[in-house]
Amino acid sequence: MKIREVKIINQGLEDEMEVWGYRPCLWKMILVGVGSVCSGGLLLLLLYWLPEWGVKGTCTHTSLRDAHTLLLRTTDEFKQWFRAKVHVMFAPGKTPFDSVDLQSMAHLPNGDGDHSVGAVDDEHHGKFAYSEPVQIHYFTHHSTKYYWNDVIHNFELYKGLEDVKVSCENVHSDHSAGLSKTLEDYRRLFFGENEIAVRVPSLFKLLIKEVLNPFYIFQLFSVILWSAEDYYYYATAIVFMSVISIATSLYTIKKQYVMLHDMVAAHSVVRVSVCRGDKDVEQAMSTELVPGDVIVIPGNGMIMPCDAVLVHGTCIVNESMLTGESVPVTKTSLPSSGEEAAMIYNMEEHKRHTLFCGTHVIQTRFYAGELVKAVVVRTGFSTEKGQLVRSILYPKPTDFKLYRDAYLFLLCLVGVAGIGFIYTIVLSIMNKVPAHTIIIESLDIITITVPPALPAAMTAGIVYAQRRLKQVGIFCISPQRINMCGQLNLVCFDKTGTLTEDGLDLWGIQRAEDGSFSPPESEAAKESLVNTTFVACMAACHSLTKIEGELSGDPLDLKMFSATGWILEEPTEEETALHNPIMPTVVRPPKQVVPEANQNNPLTQNLELSELSSCEIGIVRQFPFSSALQRMSVVVRRLGEKHMDAYLKGAPEIVASLCKQHTVPQSFTETLETYTRQGFRVIALAYRQLESKLSWHKVQSLGRDLIETNMEFLGLIIMQNKIKEETAGVLRDLRQANIRTLMVTGDNMLTAISVARDCGMIRPHEKVIIADAVPPKDFHPASITWHYTENPVQTVKDAQTVEISLEEGLYDEQLAQQDQSYHFAVSGRDFAVITEHFPQLVQKLVLRATVFARMAPDQKTQLVEVLQSIDYTVGMCGDGANDCGALKRAHSGISLSELEASVASPFTSSTSNISCVPNLIREGRAALITSFCVFKFMALYSIIQYLSVTLLYSILSNLGDFQFLFIDLTIILIVAFTMSLNPAWKELVCQRPPSSLISGPLLCSVLTQILTCMVFQVLAFLLVRQQSWYETWTPLSDACNVSSYSLPHRLNVTTSHDHKNIRNYENTTLFYVSSFQYLVVAIVFSKGKPFRQPSYKNWPFMLSSVSLYSFLFFIMLYPIPAIDSFLEIVCVPHDWRITLVIIIIMNAAVSFVLEILIVDIILWKLVFRDNRGVNQPVKSPPADTPQMANDRWGSACLSWLFCRKNKPPRVLYKLLALELQDDAEWPPRPSAVTYASAPQSHISAPL
């Protein structure tokens, strides 16, 4: 058999897909056409719902090269299918960066005629010159075009200039002059218009898409069937409900599209200045831009219409739209020489030189009249903003067990309906019922079993929860995720701005002189320190700028600069244009106050002026802060000095490594640890005097690695970051609820551990083990050294105090096995090494790791994925600054930033502290339990009605149109929508709601109620036939002595419906019994504590239940002829009514006892106890009370009975925890070293 060709596109990326090629097949299409006609269009609908069948049913497999239609399947866990049509276009070249033979390209400036190919890998593209247009195959999927590539025999995506793999140096030399109009038009063939086009679909299109939903098709089928049976009222009610549901859905979808369209369109089309050659600048629309174009950034700024890399000048940019960080960022031009310039341009690595689409350029700086220029790198949906919009337009499906189980449950109902379907047909044939009636009645049983109001009722709980969340300041853009919040068992927190206050306060400084530290000083603005290099470095080494006269920039820089008391002055545009070569930003101390005695002394005045002028510092060049390098530096020149200086600040460990060793105090490590352990944020400063021969021009082209070396250590700045008031209380609540908490921060390791201890994430008696990983080097394998940070005094529960000494040789192994209270702490660098070289340890480590320090944004996302891989339901809470990826990836991301970046997060809190997290989890749990309650109720409603109809079919009867109407509208809808209104329970409890409908307790609950309802319905049905007054009902029957005046009226009503045999004693009995059963199961299933407020606090539900009970009892005990006539029920003797009351009360009592005794007590408390969280370590049990002993004995018996004895946990993290309990080598001992070796690593003895 021929193996079918399958190719992968977007390999290694988030939207990786498999792709197969197909071409139309005539005979298959004819067969499908015939099948569609025979099935009344149902086959076409089936092929529309299942793209895989649609393609395979009408096409035959072929190579991708010859394909007319493509079948795509995502490689993630969802395995979604898509179909795409292959289009053909004609172009002068095969790829956008080919050198093509265009007449007007011969005389292009700056070698544009062939430069775009010069940097292309010749093996893949080469230099082509086509004399005639080339045919190019392409397809579009999710707003992205993929083009056929003959070399790789696959479709590929053209992102932009990065595809050319061009070095930074080549960006300057080959791409900085701009494109000709002809070449721009050629590239636009491939890249299309530069716009993020969010097309708002027409209402008609949205309507068709919504109506073709399988559920609405089923409703349409139901309505047609009911109309055929003359059930017009009920059919009309369902149509009315569906119209409201569709209209609401269309309004919501349309509104979301319009909001997204407006957000994107607000600044997607602007006028830009485009360079054509070195001198020509022309105006153009931003939609015309293509990668390779050079645009001029105006001095007063602009909203970027594309992603572009700066090649001349500097920009100050507000990137809050993408990152959530409202602090302006300084962007510098791409390096044109040195080691960095030889690197291949990469948008992620060179983001400090890249202006991103949608970000706001506040102002620009240019020198000597030069324009600020940027080369367009990406356009349209390929830009960073485009990718964000695509992720909103085409979100991944929400993978939640509840929804998968709901479909399985519906399939079970369909199975039950199938049994009823066959039963009805067999029964009808035996009773020689006409074929027309057989078809209608057998199909009717299917419409009864699958409830039409289910989706609306299920959504109600989520809508109510969303409304309650809004009241506490939590806004949600993905309502389906509210249910997921109910299952969270782990929450990751960012530190700065989330657990701690946003701003930092200067606690003090500690200068280093002659290789040792001076005592700490609290003031940096003291007169005695003005002339020191330390204060000059504090005043000059930053990326602050003045925007409309106000200092703006990173809060840390602002705090440091304001602590010096110095003044920053920036040149105006006129000054930069007039002065050549440069008018730098200047910092200087304020005019010093001279003692009064010396004020009139000319000598003192001259001295003051000379001192002042020597303190004035011009900032010549900036190397912005890089999170990868963890440092920033500036090159400065003091007024009157011949040489320049370099000032550096950054993470103390990094700064110390770049300094001459003799200038770093010997007590550096101990001093740093002292501060970081107390939770201070520490920054180190260093400086270096540069050679006199270095000119300004030379400095502009030097790489930072040449300047940031051989520095002299200046000292430490100690900043205080206070923990927010609410933090400790919230973390305590989460811990008590068995929800694990982690800290994921970009800050220093020891500071993070200190904050984790202070806020209660790590308790005082618990050990912290730092994993210090080293990559392989010089034939040495990668290794991890395990450092224990503290030697705490531990109090054991039996009141004995044991000192644990963690020095070598004194480690008590037995105690180590008993005590599971340890936490791992891992830095971003260690995490990268462990992920690469110790993959088998990653899951073990994250199971007990609490602090992740110095984590890059992509590592945060990676961590979330690792935690999800061991079956945690992960929440992420961050301030949106660099947490966007993790917020999107987590099951539930909550942003504390109200900026546009919150669009990346499903939830956004208006309160800037973590108190929103327990609120969200409580509401999530309430919404989840509500979903279960509603689902169980709707399932029981279907089954109860199914039982009634099945019993009535046996005597060739049915429920009447108005009986159906009363049950479905008056009872079911009112109850289903009001039972969802229970608010969340006021506190978080340690047990979690079940995540699955198909779980032991829930199935037992549903099955016991089904059996109860069935028993009592059958009992009532059989009993009524045993009564002495029972006879086959006719209009003249007078079982309860109907008065003569109402007889003619009843006779008329009955005769018109006689053929349906609605009016009879069995029908009336089952109508009463089943009506009460609906209300009983609603109350039984409407659970309160521990996840929701009790039902008696839900007054709409209580009011509707009491009203319905009262009404039903009233019409049953005191019949009203008009109501009886309307509901088509017959009069029965008073004694039988009393019997029915007894049956109904017994039914209610049995239902309540079974639900409370069997489900709530026996199953939940004794058998299915693993739903209580197991994030806490297993502790040896204390002495048993008699009650606990009974519980344990009962639990053991029931577990054996339910085959759950020694059953391993289903979730991976619980399984891992059990395995590690028996592992004597885990956790590793103090100072032990683990080496990477094949096939598995081993742990050496302590050093």
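The following paragraphs lead through the salt bridges, nonpolar cores, cysteines, one covered helix and several loop residues of a predicted model.

The charged pairs form a convenient starting point. Side chains of opposite charge can pair when their charged atoms come close. In this model the count comes to 29 salt bridges. One of them joins the side chains of K181 and E288, with a nitrogen-to-oxygen distance of 3.8 Å. This pair links distant parts of the chain: K181 belongs to helix α6 (residues 181-191), whereas E288 sits in the loop between β11 (280-285) and β12 (294-296), and their positions lie 107 residues apart in the numbering. Both partners retain some accessibility, for K181 is partly exposed with a relative accessible area of 37%, and E288 is partly exposed with a value of 25%.

Helix α6 also holds a salt bridge within itself. The side chains of R188 and E184 meet at 3.0 Å, N to O, and both residues lie in α6, 4 residues apart, about one turn of the helix. An α-helix has 3.6 residues a turn, so residues three or four places apart point the same way. R188 is buried, and E184 is buried as well.

Elsewhere in the chain, R704 forms a salt bridge with E708, their closest N and O atoms being 3.1 Å apart. Buried status applies to R704, at 10% relative accessibility, and to E708, at 3%. Through shared partners, salt bridges join K181, E184, D185, R188, R276, E282, E288 and D293 into one network. The two α6 pairs described above thus have their residues in this network: K181 and E288, and E184 and R188, are among its members.

The nonpolar interior comes next. The largest nonpolar core contains 93 residues, and within it F937, M938, L940, I971, I972 and V975 touch the most other members. Helix α31 (residues 916-953) supplies the largest share of this core, 19 residues. The surroundings of F937 illustrate the packing: with neighbours within four places in sequence left aside, F937 is in contact with I972, V975, A976, M979, Y1078, V1081, A1082 and F1085. Another core lies apart from the largest one; it has 43 residues, among them V864, M876, L887 and A1232.

The cysteines may be considered next. How many disulfides does a search of the whole structure find? The search finds 0. For C537, the closest cysteine sulfur is that of C541, and because the two sulfurs are 5.0 Å apart, they are too far from each other for a bond. C537 counts as buried, at 0% relative accessibility, whereas C1004 counts as partly exposed, at 22%.

Helix α25 (residues 749-758) is an example of a mostly covered element, with 9 of its 10 residues buried. The buried residues are M749, L750, T751, A752, I753, S754, V755, A756 and R757. They pack against helix α21 (668-677) and against the strands β31 (680-689), β33 (740-744), β34 (767-774), β38 (822-827) and β39 (849-853). Just after α25, G760 adopts a positive phi of about 90°.

Positive phi values also occur outside glycine in this model. Most residues other than glycine have a negative phi, and most peptide bonds are trans. N10 has a positive phi, near 55°, and is located in the loop between β1 (7-9) and β2 (17-24). At 11% relative accessibility, N10 counts as buried. R854, likewise not a glycine, has a positive phi of about 50°. R854 occupies the loop between β39 and α29 (857-869). Strand β39 is also one of the elements against which the buried residues of α25 pack.

A last loop residue brings together separate stretches of sequence. E340 is found in the loop between β16 (329-331) and β17 (354-355), and at 23% relative accessibility E340 counts as partly exposed. E340 and E169 are 171 residues apart in sequence, while their C-alpha atoms are 8.7 Å apart in space. With residues up to four places away in sequence not counted, E340 touches C168, P335, H350 and H353.

Conventions. Residues are numbered from 1 along each chain as its sequence is written. This is a predicted model: local features need pLDDT of at least 70, side-chain atom pairs count only at pLDDT 80 or more; totals for chains, interfaces and linings use all residues. Side-chain values use heavy atoms; hydrogens and water are left out. A salt bridge is a side-chain nitrogen of Lys or Arg within 4 Å of a carboxyl oxygen of Asp or Glu. Helices (H or I, at least four residues) and strands (E, at least two) are DSSP runs, numbered from the N terminus. Buried means under 20% relative accessible area, exposed over 50%, partly exposed in between (1.4 Å probe, protein chains only). A nonpolar core is a set of buried Ala, Val, Leu, Ile, Met, Phe, Trp, Tyr and Cys residues joined through side-chain atoms within 4.5 Å. Contact means heavy atoms within 4.5 Å. A disulfide is a pair of cysteine sulfur atoms within 2.5 Å.
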